[in-house]
Amino acid sequence: MFRQSKAFSGFAVDDVDTARRFYTETLGLEVSEENGILTLHLAGGGNVLVYPKPGHVPASYTILNFPVDDIDAAVDGLVGRGVVFERYDDFPQDDRGVVREGGPYIAWFKDPAGNILSVLQER
């Protein structure tokens, strides 16, 4: 039924202006805005909607993953832009917050609304 549909994802934030600044200035994404809703324009042609939601509660899972060629360079670059990486008791993270066991190397951080994002590097 939807095989030819160009589906897209979306998530909520508590403040669209703060989200726009984070996604453009901190992450360097191309962003457009229409009717108070942001569209993140991702590499490869994908789009993600970012919309305001009264009483927003941050997602407790990863809502957006950014594949990178060099996770250490990505972590360093984000830390240099003020991003703080998350620590989780259930994962063996190194001093940078990167999990290097199991699947891809991965490190998590949050947007200003508290939604969880990640950078990950395939092995």
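Q: What makes T39 a contact partner of E30 or N47 in this predicted model?
A: Contact asks for heavy atoms within 4.5 Å. Leaving aside neighbours within four places in sequence, T39 meets that cut-off with E30, V31, S32, N47, V48 and L49. T39 itself sits in strand β3.

Q: Why is T39 called buried?
A: Its relative accessibility is 17%. Buried means under 20%. T39 is under the cut-off, so it counts as buried.

Q: Why does L38 count as buried?
A: L38 also lies in strand β3. Its relative accessible area is 0%. The cut-off is under 20%, so L38 is buried.

Q: Which residues touch L38, not counting those up to four places away in sequence?
A: They are V16, A19, R20, V31, S32, E33, V48, L49 and V50.

Q: How far apart in space are L38 and Y23, C-alpha to C-alpha?
A: The separation is 9.9 Å. In sequence, the two are 15 residues apart.

Q: Why is A19 called buried?
A: A19 has its place in helix α1. Its relative accessibility is 3%. That falls under 20%, so A19 is buried.

Q: What does A19 touch, leaving out residues up to four places away in sequence?
A: A19 touches V13, L38 and V50. As for distance along the chain, A19 and E30 are eleven residues apart, and their C-alpha atoms are separated by 12 Å.

Q: Why is E86 called buried?
A: The relative accessible area of E86 is 18%. Buried means under 20%, so the label holds. E86 lies in the loop between α2 and β6.

Q: Which residues does E86 touch, not counting those up to four places away in sequence?
A: E86 touches Q93, G97, W108, F109 and K110.

Q: Why is K6 called exposed?
A: Exposed means over 50% relative accessible area. K6 stands at 77%, so it is exposed. Its place is in the segment before β1. The C-alpha atoms of K6 and G55 are separated by 30 Å, with their positions 49 residues apart along the chain.

Q: Why does N35 count as exposed?
A: N35 has a relative accessible area of 73%. The cut-off is over 50%, so N35 is exposed. N35 belongs to the loop between β2 (30-34) and β3.

Q: What makes the phi of N35 worth a look?
A: Most residues other than glycine have a negative phi. Phi of N35 is near 55°, a positive value, and N35 is not a glycine.

Q: What makes a set of residues a nonpolar core?
A: The members are buried residues of the nonpolar kinds, joined through side-chain atoms within 4.5 Å. The largest such core here has 28 residues. F11, Y23, L27, F109 and V119 touch the most other members.

Q: Which elements give two or more residues to this core?
A: Five strands after the opening pair contribute: β3 (37-41), β4 (47-52), β5 (62-67), β6 (105-110) and β7 (116-121). The opening pair is β1 (9-13) and α1 (16-26). Helix α2 (71-80) also contributes.

Q: How many residues form the other core, which lies apart from this one?
A: That core has five residues, among them V99, I106, I116 and L120.

Q: What is F11 in contact with, leaving aside its neighbours within four places in sequence?
A: F11 contacts Y23, L40, V48, L49, V50, Y51, I63, L64, D111 and N115.

Q: How many helices and strands does the protein chain hold?
A: There are two helices and seven strands. From the N terminus on, their order is β-α-β-β-β-β-α-β-β.

Q: Why is the protein chain called as compact as a globular protein of its length?
A: The globule rule gives 14 Å for 123 residues. The radius of gyration is 15 Å. The two values are close, so the description fits. The C-alpha atoms fill a box of roughly 40 × 35 × 25 Å along the principal axes.

Q: What part of the protein chain is buried?
A: Buried residues make up 37% of the 123 residues. The chain exposes about 7700 Å², and carbon and sulfur atoms supply 50% of that area.

Q: What share of the contacts between residues at least 6 apart in sequence join residues at least 24 apart?
A: The share is 50%.

Q: How far apart are the mean positions of the positive and negative charges?
A: They are 4 Å apart, for 11 positive and 19 negative charges.

How values were computed:
Residues numbered from 1 in each chain as written. Predicted model: local features only at pLDDT ≥ 70, side-chain atom pairs only at ≥ 80, totals over all residues. Heavy atoms only, no water. Buried < 20%, exposed > 50% of the residue type's maximum accessible area, 1.4 Å probe, protein only. Helix = DSSP H or I, 4+ residues; strand = E, 2+ residues; numbered from the N terminus. Rg over C-alpha atoms; globule rule 2.2 N^0.38 Å. Areas by Shrake-Rupley, 256 points an atom, 1.4 Å probe, with all protein chains shown as cover. Lys, Arg positive; Asp, Glu negative; His and termini not counted. Charge placed at Lys NZ, Arg CZ, Asp CG, Glu CD.
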